[in-house]
Amino acid sequence: MSAQAEKTAPLRLSVSSMKRRPRRAFTEGEAAVLRLAADTLIPAKGAYLSGSSVTGFIDLATRAATILDARFEMLEALLAELADIPAASMWDYLEELNRVRFDEFYTLSLIISAAYLNSPEIRSALNYPVPHQNPAGLFEIADELSSGILDPVIERGPVFVSAD
Amino acid sequence: MNRGEPSPPEEEYDVLVVGAGPSGAIVSHTAAAAGLRVACLEQGDWTSPADYPANFDMWEVVARAHWQTEPNLRKNPADYPLELSQTDLSPSMYSAVGGSTIHFGALWPRLTASDFRVRTLDGVADDWPITYHDLAPYYDRVDNFIGVSGLEGDTAYPEGLAPPLPRHPLGKTGMKTAEALNQLGWHWWPGANAIPPQKHGALAACARWGTCVQGCPEGAKASFDLAWWPAAIAAGAKLVTGARVYEITTDDGGAVTGVNWIGKDGRHHTKARYVVMCANGIGTARLLLLSKSQKHPSGLANSSGLVGRNLMLHPNCCAMGYYGEDLETWRGPLGAVISSMEFYETDKSRGFVRGSKMHASTAPGIILNGIDPHRSLPFDQLWGESFHQVIRDACSTILWAANIEDLPEETNRVTIDPHLTDEDGIPAPKIEYRFSENTLRIRDFTLERMVEAHKAAGAKKVIAIAEMPGEPGHLLGTARMGTDPKTSVVDPDGRAHDAPNLLIADGSIFVTSGSANPTSTICALALKIAENLVTTVRNEGYADVRAS
C-alpha cells in the first residue's frame, strides 16, 4: 500500500489501522543502540546467536517498529536515552527500566524479540510454525477415545450437584 | 449535518436493539424472523477475517499492537474509555458487529444446575428465578444454530447435553493432560467449543490456525458477526453501524419511546415500541444510568438502586506448563481441548463456597505464551543467557486456565464518571471492583490445582499467573433478574420492572456468575427473552406486520 493510499484509507471504527511502511529508517546511532540492547538482553551462548547477530536484525526490527508505529515517539526517545548508557551498564539500566517504566521496556524488548525470532536462523533452529491451515484428518479423533482414556471419568459417573 | 444537529424523524420500529454482539444478533434475528420491524444500533462496524493478525508477518506483534482486548489500550474509534482507578481488574470488551465474540476463545460450557440455586444450596447470593432445565432447550437450539462441537454425556451436567457436531481431536496436548487428570482422579471431558469442525451455516470448517483469540482468519469461529448476523439480516433486521446510543428516551408515564444516538451524519432519535439492551454488563448499565428522567430520576429501570451494582468479572488465572517434548502446541483450535469441572461445585472443606472451571488448551505463539509469561519472573530468568532456553521451552507449552466464580457484591459496580467522556462527549463508565476474600481463596486453590495438573503431566517448568492482562471479558450482573422489583432490575423474561417495554438480554441480567464461560448462557437467555417478546408483541396485535 502506498503512503498516499494509507492517508486516504477510509476510517474503520472497529479495526486498528496498521502502517505498512516505516516512518523512517533507524539512524546509525539508533541502530547501534538497538544492537547493544539486543546483545544485552540476548547474549550469545555457545552456538546460540546473540540478539543482533542474526541476519537482517535491523530490517526485522524496523518491521516490528512499523507495526508498533503508535509507540514510535516513545521508542525514539528511549533509544536517544539509551545512547548515553555505557555497554557495561546496559544490563542494569534495562533491568531498572523493566521495573519502573515497564511499557517502554516492553516495547523495546518486543521489537528485539520479534526481530530475533523472525530471523532465518532462529526460525530454522526452532522449527516452530507460523499460523497456517492444518485441518484435522477425517480419522484423527477415531483412536483417541477407543484407547479407553475417558473410561475412568465415565465409570465415576455424575459429578454435578443436582438442584432439583 | 454535523454530529450535533438533530436529523428528521425516522421510522418507528417494533423492536430496537442496542448492541450487535451475540445477544443483539439473536434478539434481532428472532424478532425479524417473526415478522416484526427490527433495527439494531451498533457503535462499531464490521471486521473481516482478513483483518486478523494471523494474516500478517510478525502476527504476535500485530496482535499486541492492534488487537488489544482492553478498550483503553486498543483505542479504536468505536471504543469508549473506562475509568479504572478503583478496580482490581481491567475489563475487556470489543465494540464491533459480533461484540466481544470477535476476540473470545469460543469455549462453550453451560452453567451447571447448581449455579441457578446458590442461595438454596450454599446460602450465599441469590437463586435465579429460572432453572437449568428452563434454559436447557434454549441452550440446545443455540448450539444447533451455531454448530457447537463436543462430546455427548459430560458427567458434570444433567443428562441430555449433546453438542450437535463432533468434537475436535484431543491431539497430543489433550491426551497428555487427560492422562494426568486420570492419574489424579479428576473429572475431565473433551471441550465444547463454538468452533465447527466442518462447514456449518456461514461458518467455515476449523483449519486449526491456533489464533482463535486474536480472530479467526478462516471464518471458522462462531463470532456472531459470522455465526448469527447473516441470518438476522436475511430475516429483515436492519443493522446500523457507527451508531452510538447515548440515551434511552421515555414518555411522561415512564414508558420507553426509543433511543437517541449519534451517527456519522448527526444526532438521531429512533422510535420503538420495545427497546432491548444488548450492550454488555458495562455498556447497558452505562446507558441506563445516563437515561434519567422525571419518572426515572436515578436512571432508567433503577428504582431498586441496583443498576450497575453486583458487577461480576470472573477473575481468570492460568498456569503455563513447559514440556520437554513435541506436543504440537502451536495447533488450534484454542478453545478448550479438555475441561475439568472437578472443582466447580462447593466443597466447604476447601475454605470457600462455589469454585472454578478449568480448561487446558494448546498455546500458540512463542512471544504470547513463552516470553510474556516469563516477564512475571525475575529479570534474569527471561533475559540474558536464559532467553535461549525460554524460547525453546516455549515451543511446547500447554495452558491450563480457569474462570473463578465471582459472587455478587453491591460495592462492585459501574457508575458514570463525572469527568471522563468518549469522543462524542458521552460520559464514560467508571468501574469499581475489588476481589472478595472468597474469590481470592478460590483463585489460590485453583492455581495450585493447575500447577498440580501440569506436574502430573510431566511439565519441566510451570509458571502460575494469578492475574491475566486483557482478561476478563465476562461482564455480568449489573441489571440482575428476579421476581421482586426491590431486589432486581428485570423479571425472568428480561423486562424491566420499572418500564416493561424495556428489555435487557445480555450478561447484565445474570444473578450469579457461575464459573463457566458465560456466552452460551447469554445466548440461551437472549433467545428465551426474544421469543417471549415476540409472543408479547403478537398478543398486542402487532404481529406479522410485513406478512399482513
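## Salt bridges, chain contact and cavities in a two-chain model

With a relative accessible area of 48%, B:Glu448 counts as partly exposed, because exposed is kept for values over 50%. The model in which this residue sits is a predicted one. The neighbour B:Arg449 is buried, at a relative accessible area of 16%, a value that falls under the 20% limit for that class. B:Glu448 and B:Arg449 form a salt bridge, with 3.8 Å between the closest N and O atoms, and this separation is within the 4 Å cut-off.

Pairs of this kind recur across the model, with 43 salt bridges counted over all chains. As a reminder, side chains of opposite charge can pair when their charged atoms come close. In chain A, A:Arg23 and A:Glu73 are joined by a salt bridge with an N to O distance of 2.5 Å. A:Arg23 belongs to the loop between helix 1 (3-8) and helix 2 (28-41) of chain A, while A:Glu73 belongs to helix 4 (residues 72-82), so the bridge ties together parts that are 50 residues apart in sequence. Both ends fall in the partly exposed class: A:Arg23 has a relative accessibility of 43%, and A:Glu73 has a relative accessible area of 44%.

Chain B offers a pair that spans a longer stretch of sequence. The side chains of B:Asp122 and B:Arg354 form a salt bridge at 2.9 Å, N to O. Here the partners are 232 residues apart and link distant parts of the chain, with B:Asp122 in helix 4 (residues 118-122) and B:Arg354 in the loop between strand 10 (338-340) and strand 11 (356-362) of chain B. Both B:Asp122 and B:Arg354 are buried, and the relative accessibility of B:Arg354 is 1%. The pair also takes part in a wider arrangement, a network of salt bridges that links B:Asp115, B:Asp122, B:Glu345, B:Arg354 and B:Glu405.

The backbone of B:Arg354 deserves a second look. Most residues other than glycine have a negative phi, and most peptide bonds are trans. The phi of B:Arg354, however, is positive and near 65°. B:Met58 is another residue other than glycine with a positive phi, in this case about 55°. B:Met58 is placed in the loop between strand 2 (38-42) and helix 2 (59-66) of chain B, and its 4% relative accessibility puts it in the buried class. The peptide bond between B:Gly332 and B:Pro333 is cis, with omega at about -5°. B:Pro333 lies in the loop between strand 9 (316-322) and strand 10 of chain B.

B:Met58 also leads to the contact between the chains. Chain B contributes 81 residues to this contact and chain A contributes 68. Together the two chains bury about 6,400 Å², of which 66% is on carbon and sulfur atoms. Of the area that chain B buries against chain A, 12% comes from B:Met58, B:Phe379 and B:His388, more than from any other three residues. Charged pairs are present here as well, with 5 salt bridges between chain B and chain A. A:Arg12 and B:Asp51 form a salt bridge whose closest N and O atoms are 2.7 Å apart.

Two further residues of chain B illustrate local packing. B:Tyr246 is located in strand 6 (residues 244-250) of chain B. Beyond four places in sequence, B:Tyr246 touches residues including B:Trp261, B:Arg267, B:Leu287 and B:Ile426. B:Ile233, in helix 8 (residues 229-234) of chain B, is partly exposed at a relative accessible area of 39%. With neighbours up to four places away left aside, B:Ile233 is in contact with B:Trp46 and B:Leu239.

Finally, the interior holds 7 cavities of 30 Å³ or more. The largest has a volume of about 220 Å³. Its lining comprises 22 residues, and B:Trp108, B:Pro109, B:Asp154, B:Tyr157 and B:Ala192 are those nearest the centre of this largest cavity. By class, that lining divides into 13 nonpolar, 4 polar and 5 charged residues. The second largest cavity has a volume of about 70 Å³. The lining of this second largest cavity has 14 residues, with B:Cys206, B:Arg208, B:Trp209, B:Cys212 and B:Cys216 closest to its centre. In this lining, 9 residues are nonpolar, 2 are polar and 3 are charged.

How values were computed
Residues numbered from 1 in each chain as written. Chains lettered and ligands numbered in written order. Predicted model: local features only at pLDDT ≥ 70, side-chain atom pairs only at ≥ 80, totals over all residues. Heavy atoms only, no water. 1 Å grid on protein atoms, 1.4 Å probe; cavity = no way out; pocket = protein on both sides within 12 Å on 5 of 7 lines; lining within 4 Å. Points joined across faces, edges and corners; volume = space filled by probe spheres on them. Nonpolar A, V, L, I, M, F, W, Y, C, P; charged D, E, K, R; others polar. Helix = DSSP H or I, 4+ residues; strand = E, 2+ residues; numbered from the N terminus. Buried < 20%, exposed > 50% of the residue type's maximum accessible area, 1.4 Å probe, protein only. Contact = heavy atoms within 4.5 Å. Buried area = accessible area lost by both parts, 1.4 Å probe.
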